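Good morning, colleagues. Please take a moment with the sequence and the structure before I turn to two sites.

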Amino acid sequence: MSNLVQEKIDAYKKLLQKIIAYEEAINLMDWDLKTVAPKHSIEARSETIGVLSSEVFKISTSKEMEELLTFLLSSDKDYNLEPIVRRSLEEQKKEFDRYKRIPADKHQEFVVLTTKANNIWEEAKDAADFKLFQPYLQQVVQMLQEFTELWGYKEHPYDALLEMYEPGMTVKQLDIIFQGLKEALIPLVQEVAEKKAIIGDFLRLDYDLSKQKELNEFLVDQMGYDFQAGRLDPTVHPFQTTINRGDKRITTKYVHNDLTVSLFSTLHEAGHAIYEQSMDSQLDEWLLAEGASMGIHESQSLFWENIVGRSSEYWDYYYQKLISYFPEQLKTVTKDEFYRAINAMKASFIRIEADELTYHFHIILRYELEKELIAGNIQVKDLPKAWNDKMKEYLGVVPENDAQGVLQDMHWSDGSLGYFPSYSLGYLYAAQFTHQMGKELPEWKEQIKKGNLISIKEWYNEKIHRHGRCKTTNELVKEVTGEELNPDYLTAYLKEKINQLYQ
Ligand code: ZN
């Protein structure tokens, strides 16, 4: 490799180093804001984060970055770049193009609009009045329609939005996947609706918060989450964040009269964090120590939260531990009653409270509406009715007001249309990966029964985690499981679960 090429690579690395430093500062400030910062710091802190974010934007779209990317990726020369360097350059180039195609003033306008829209959305939700939010959402949709034209797409404008969260995924593929899921899962929803409802009132007794905290720390430690490279703190909306290589934090929400909120949020966020903790450290300096896609990241959190954390085998081992923390509340409850209660399936209005089965209809509904909004086939003003009609059709329930319906999620107010499908894809990937794990590690359920979670963690470390975003979603799925994404694995998983629960 010539000296000139090496010089360019070094210069490129220096730019990344700056981005990494800004991002560490931003993420730490953001974590602080969402956990321990006093209420009155919100305004100043948000401004500071805004200033630092615009620095990242400037570096990522700078003349220097452009020249380095153009030079190093020039197609008529072969510099024999290491694969990791090439991959990093390609990812940065995508980011560069994405930013550059939007005029700077439009970008700024969108940030201002979504900040405002987010505030108004909260008011509208409190008042259960979609009309307040409607004009803002209209502008958000309009701007995103413009952006999709600037970004470009092959077939459907919504593809340009999907690209941000699920690179390579298209409307054409999703339509087939979701149509298949609908056909497979609607009969299951009907089957469950006819069964006797599962009662789990004991989950809503008073559960001492400091005991919950001890329990949650114990459980994530058992999963192999490294407390020397992270921490667990309370927050309002649980999240996981990466500060740096040795610091992948998780948060949870403790509620005194609901044991399950902290329990499953913690397992979920720890799943994200274990992915982050297990990426090859050499990816860091190339900005490749990130999830392959939102859906793949979600597959890791959902694996721990549901496939492990809501399994009968997991509680075979951990239920006695749980009772030792809460003997009074659970003394008359059997493990089986507990297992059924945490898995109860029932159609409901609110996505984030939905069970593993009905959850997908919340996503399919949003996907179908978003897609038509972006294509201009539905108007924003018609959303509340379209929402309720679909709820009725898919789940047989109709929200009493907009707060329980069309206004429940924050995503549309901050412009993240295109994100929802990643949640369902996460379930699909998780089911498919786990099916493969069952072939390679046939005793995995027996291991869970004994409280040995490390072998399954290591399987995922090896197959998925270490690669960060060096492999695309398609490559991962194909290389790990030997086939393309196949929704049948999720359907089979859900059928088996329903049999166990409602026999
Ligand atoms: Zn998640």
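I begin with the geometry at the zinc ion, where the 4 donor atoms make angles of 50 to 127 degrees, and the site is irregular. Please keep in mind throughout that this is a predicted model. For comparison, the ideal angle for four tetrahedral donors is 109.5 degrees. The site is not classed as tetrahedral because that class requires all angles to lie between 85 and 135 degrees, whereas the angles here start at 50 degrees.

Which protein atoms are the donors of the zinc ion? They are NE2 of His268, NE2 of His272, and two OE entries from Glu298, at 2.1 to 2.6 Å from the ion. Along the chain, these donors follow the spacing H-x3-H-x25-E. Within this set, His272 belongs to helix 10 (residues 259–277) and Glu298 to helix 11 (residues 294–308); the pair is 26 residues apart and links distant parts of the chain. Are His272 and Glu298 buried or exposed? Both residues are buried.

I now move to the second largest pocket, which holds about 420 Å³ of space. Its lining comprises 18 residues, and those closest to the centre are Thr434, Trp444, Lys445, Tyr493 and Glu496. Two or more lining residues come from each of helix 12 (312–325), helix 17 (421–440), helix 18 (444–449) and helix 21 (488–502). Helix 21 gives the most to this lining, with 6 residues. By chemical character, the lining of the second largest pocket divides into 8 nonpolar, 6 polar and 4 charged residues.

Thank you for your attention.

Technical notes:
Residues are numbered from 1 along each chain as its sequence is written. This is a predicted model: local features need pLDDT of at least 70, side-chain atom pairs count only at pLDDT 80 or more; totals for chains, interfaces and linings use all residues. Side-chain values use heavy atoms; hydrogens and water are left out. Donors are N, O and S atoms within 2.8 Å of the metal (3.2 Å for Na, K and Ca); water is not among the atoms, so sites may look incomplete. Four donors count as tetrahedral if all angles lie between 85 and 135 degrees; four count as square planar and six as octahedral if opposite donors are over 155 degrees apart and all others between 65 and 115; anything else is irregular. Helices (H or I, at least four residues) and strands (E, at least two) are DSSP runs, numbered from the N terminus. Buried means under 20% relative accessible area, exposed over 50%, partly exposed in between (1.4 Å probe, protein chains only). On a 1 Å grid over the protein atoms alone, a cavity is a set of points where a 1.4 Å probe fits but cannot get out, and a pocket is an open set with protein on both sides within 12 Å along at least five of seven lines; lining residues have an atom within 4 Å of a point. Grid points are joined across faces, edges and corners, and a volume is the space filled by probe spheres set on the points. Ala, Val, Leu, Ile, Met, Phe, Trp, Tyr, Cys and Pro count as nonpolar, Asp, Glu, Lys and Arg as charged, and the others, Gly among them, as polar.
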